[in-house]
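User: I would like a close look at a single part of this model, namely the place where two of its helices pack against each other and the charged side chains found there. Please take it step by step and keep the rest of the chain in view.

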Amino acid sequence: MASAPAPSGDGSGGAPAPPGGGSPDGEPAPSDRILTIPNLLSTLRLVGVPVFLWVALGPRADWVALGILMFAGVSDYLDGRLARALNQTSRLGALLDPLADRLYILATIVALTVRGNIPWWLTVVIIGRDVFLLLLLVPMRRLGLGTALPVHYLGKAATFNLLYAFPLLLLTDGHGWLSTAARPLGWAFAIWGTAMYWWAGLLYAFQVAGIARDRRRRAGGGRPAPAGGPP
């Protein structure tokens, strides 16, 4: 999960970064800074992953686990906003942010599956999407793209949906009105988030395929001649 090919970013719509640096919408290129507020938030989110697994599967302190997931969701929103507002976008942040997202998704679905809150098929579907993205690394590297495709806004929205779904599904492990109310909401976010998660993955594949077509067309001498031949 951590090595999925698209680093989290700026909602630039999936267009490849311009070769001269910067983003397609004119934002400054990420710096090499390490000590920034967004990077601190992403690091704290990463530290929270093993803590969440322990409290969710060990003592089953559900309210503590829920608090960790809520912090993960809020900080995921804040680090991107602060990076742009404070001009603290960095290459390290572009790696830490999606790494934290995917590790939280992985850790939470593992915990919820082991506890029986979600079925195995949902776990396979969500993990399968990241396996699909890993397979895209082969054509991307062959095209010389590395792992530099920016994230689609749809992928970020899918992540937010899943990060909303998991705390709600965690609350279903109990009885009473709160568990009853959380169940339909949690499953709605989970199903919608999973669908968008896969659709974002397919958009990455379409983008890579489009770049490959463009390069083959240029290698073949540019645009094809009109059907009637040269004038």
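Analyst: What follows describes the setting, then the helix contact, and then the salt bridges in and around it.

The model is a predicted one, and its chain has six helices and zero strands, so that, read from the N terminus, the order of elements is α-α-α-α-α-α. Of the 231 residues in the chain, 44% are buried, and the exposed surface comes to about 12100 Å², with carbon and sulfur atoms supplying 70% of it. Among contacts between residues at least 6 apart in sequence, 81% join residues at least 24 apart, and the contact between α3 and α5 can be read against that background.

Helix α3 covers residues 91-115 and helix α5 covers residues 153-171; their axes come within 10 Å and cross at roughly 30 degrees, in a crossing that is left-handed. On the α3 side the contact is made by Asp97, Asp101, Tyr104, Ile105, Thr108, Ile109, Leu112 and Arg115, and these meet Lys156, Thr159, Leu162, Leu163, Phe166, Leu169 and Leu170 of α5. Sorted by class, this contact of α3 with α5 comprises nine nonpolar, two polar and four charged residues.

Two of the charged residues in that contact, Asp97 and Lys156, are joined directly: their side chains form a salt bridge with an N to O distance of 3.1 Å. This pair ties α3 to α5 across 59 residues of sequence, and Asp97 and Lys156 are both buried. Lys156 also has a partner outside α3, since its side chain meets that of Asp76 in a salt bridge of 3.2 Å, again N to O. Here the link runs between helix α2 (residues 62-85), which holds Asp76, and helix α5, which holds Lys156, the two residues being 80 apart in the chain.

How far are these side chains covered? Asp76 has a relative accessible area of 2% and therefore counts as buried, while Lys156, at 13%, is also buried because its value lies under the 20% limit. As a general point, side chains of opposite charge can pair when their charged atoms come close. The two bridges of Lys156 belong to a wider arrangement, for Arg45, Asp76, Asp79, Asp97, Asp101 and Lys156 are linked in a network of salt bridges. Asp101, a member of this network, is also among the α3 residues that meet α5.

The structure holds 11 salt bridges, and another of them starts from α3 but leads elsewhere. Arg102 pairs with Asp130, the closest N and O atoms being 3.6 Å apart; this connects helix α3 with helix α4 (residues 120-142) over 28 residues of sequence, and both Arg102 and Asp130 are buried.

A last detail concerns Leu162, which is one of the α5 residues facing α3 and which is also in contact with Thr194. Thr194 lies in helix α6 (residues 177-219), and because its relative accessibility is 7%, Thr194 counts as buried. Apart from neighbours within four places in sequence, Thr194 touches Leu122, Val125 and Ile126 as well as Leu162.

Taken together, the contact of α3 with α5 contains nine nonpolar residues alongside four charged ones, and Lys156 is bridged there to Asp97 and, from α2, to Asp76.

Conventions
Residues are numbered from 1 along each chain as its sequence is written. Side-chain values use heavy atoms; hydrogens and water are left out. Axes are lines fitted to C-alpha atoms, for helices over the stretch in contact, and angles run from 0 to 180 degrees between N-to-C directions. Helices (H or I, at least four residues) and strands (E, at least two) are DSSP runs, numbered from the N terminus. A crossing is left-handed if the near helix is turned anticlockwise from the far one by less than a right angle, and right-handed if clockwise. Contact means heavy atoms within 4.5 Å. Ala, Val, Leu, Ile, Met, Phe, Trp, Tyr, Cys and Pro count as nonpolar, Asp, Glu, Lys and Arg as charged, and the others, Gly among them, as polar. A salt bridge is a side-chain nitrogen of Lys or Arg within 4 Å of a carboxyl oxygen of Asp or Glu. Buried means under 20% relative accessible area, exposed over 50%, partly exposed in between (1.4 Å probe, protein chains only). Accessible areas come from the Shrake-Rupley method with a 1.4 Å probe; for residues, only the protein chains shown count as cover.
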